[in-house]
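Got the viewer open? Let's walk through this one selection at a time.

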Amino acid sequence: MQAPAPAAPLTGLQVIEMAGIGPCPLAGMLLADHGADVLVIDRPGPPAIDTGTGLDRGKRHVRLDLKTAEGLAEARRLIEAADAVIEGFRPGVMERLGLGPATFTASHPRLVYGRVTGWGQTGPLAQAAGHDINYVALTGVLSVASRAGVPPSVPATLIGDMGGGALLLAFGLMAALWEAQRSGRGQVVDAAMVDGVGLMSSLLHSLRAAGRWNDEPGRNVFLHSAPFYDCFECADGRFVSLGALEPQFYAELLRRLGLDDVDPAAQHDSRQWPALRERVATRIREKTRDEWTALLEGSDACFAPVLTLQEAPQHRHAQARAGYLQTADGGWMPSPAPRFSRSP
């Protein structure tokens, strides 16, 4: 007798997602990727910001007019039949619709209610508008993403919206669902992006408290001054990344760059960084990005080429791990993560 195929880890979990942009749809996709039945309640008309359909993977949709009694009644029925609901509106929006957590306290006491916002459900900024860059800025994290004389910058949406928002919402939701199995009671998950980004900066705060973080860029490995931890331009105008923090990896990088006269033991002497950084930059400019990739990739020099979004799915490592899925229109979307040894 053939054993039944293993089910995905979240098979049987019923989640209602209120349609929105950014972190809430990603959190819903993470849950759907691992087997949850995610039903998105869409509103009539076009979205305020059209972000495409990539985050709809694995979800079902229903369109309801929440300005009508019929639409609200159906939304309540769907939520009461679910294990959890996730939404990303400003605090108070769901309450004004009559769909806030208190609406379901008596009728569905086990409901877990996930809320993701920039500033959180409480606090003086709770009702203020904002986006990813603002939430990252307030945590202090944006200040460490800068170079001397250049304003700070961060990759679009990744740190605040997706890292501090979507991932913490999904984690909080699963923690609350696990607790509800013991207590029989649901609760509200307040996933504020500003809290999530702050949490993700815990290592930076730990380093600072231990005296291992210097606010002076010229003396901080991570603030784009060190010759062994940064991105460098190649002969073709493209870039490579170097990240040789440990002594043995730094020594390997020097060897492969042909800088045999540099003493690896002086790696953290920041007084020598400016001159050595210029030597490294000059050396990297001697070859194209792909030539350096052929020489350094896969070594202990802690190297990777800086790929574009178009190039990344074609890289041999991504291909070997099936890191991206090809869509019907010929594009690419990242594959579900993390991966499980037994569950699909």
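**Stop one: a bridge pair**

Select Arg115 to begin; its bridge partner in S6 is Asp190. Keep in mind that you're looking at a predicted model. Now widen the selection to the two strands around that pair: S5, residues 112-117, runs parallel to S6, and five bridges hold the pairing.

**Stop two: the whole parallel sheet**

Next, bring in the other strands. What is the order of the six strands in this open sheet? Reading across, you get S3-S2-S1-S4-S5-S6, with parallel pairing. Strand S3 (60-63) and strand S6 (188-192) are at the edges with a single partner strand each, so each has one side without a neighbour in the sheet. Ignoring direction, neighbouring strands here are turned by 20° against each other on average.

**Stop three: helices on that sheet**

Show residues 23-33, which make up helix H1. H1 lies across strand S1 (14-18), strand S2 (37-42), strand S4 (84-87) and S5, and runs at about 160° to S1. Then show H6, which also packs on the sheet: H6 touches S5 and S6, and its direction makes about 70° with that of S6.

**Stop four: H5 against H6**

Stay on H6 (residues 193-200) and add helix H5 (residues 158-183). How far apart are the axes of these two helices? They are 8 Å apart, and the helices pack at an angle of about 95°. An angle from 65 to 115 degrees counts as roughly perpendicular, which is therefore how H5 and H6 sit relative to each other. For the contact itself, pick Ile159, Gly160, Asp161, Gly163, Gly164, Gly165 and Leu168 on the H5 side, then Met193, Gly196, Val197, Leu199 and Met200 on the H6 side. Coloured by class, this contact shows six nonpolar, five polar and one charged residues.

**Stop five: the antiparallel sheet**

Time to jump along the chain. The domain assignment gives domain 1 (14-200), domain 2 (229-306) and domain 3 (308-343). Expect to pan a bit, as the C-alpha centres of domain 1 and domain 2 lie 41 Å apart.

Select S7, S8 and S9: these three strands form an open sheet in the order S7-S8-S9, paired antiparallel. Strand S7 (229-233) and strand S9 (303-305) are the edge strands, each pairing on one side only. From one strand to the next, the twist averages 20°.

Zoom in on S8 (residues 239-243), which is joined to S9 by three bridges. Leu242 stands opposite Phe303 in S9. Finally, add helix H10 (residues 289-296), which packs on this sheet, touching S8 and S9, with its direction at about 150° to that of S9.

Technical notes:
Residues are numbered from 1 along each chain as its sequence is written. This is a predicted model: local features need pLDDT of at least 70, side-chain atom pairs count only at pLDDT 80 or more; totals for chains, interfaces and linings use all residues. Side-chain values use heavy atoms; hydrogens and water are left out. Domain bounds come from an automatic or database domain assignment. Axes are lines fitted to C-alpha atoms, for helices over the stretch in contact, and angles run from 0 to 180 degrees between N-to-C directions. Helices (H or I, at least four residues) and strands (E, at least two) are DSSP runs, numbered from the N terminus. Angles under 35 degrees count as roughly parallel, over 145 as roughly antiparallel, 65 to 115 as roughly perpendicular and the rest as oblique. Contact means heavy atoms within 4.5 Å. Ala, Val, Leu, Ile, Met, Phe, Trp, Tyr, Cys and Pro count as nonpolar, Asp, Glu, Lys and Arg as charged, and the others, Gly among them, as polar. Two strands pair if DSSP finds at least two bridges between them.
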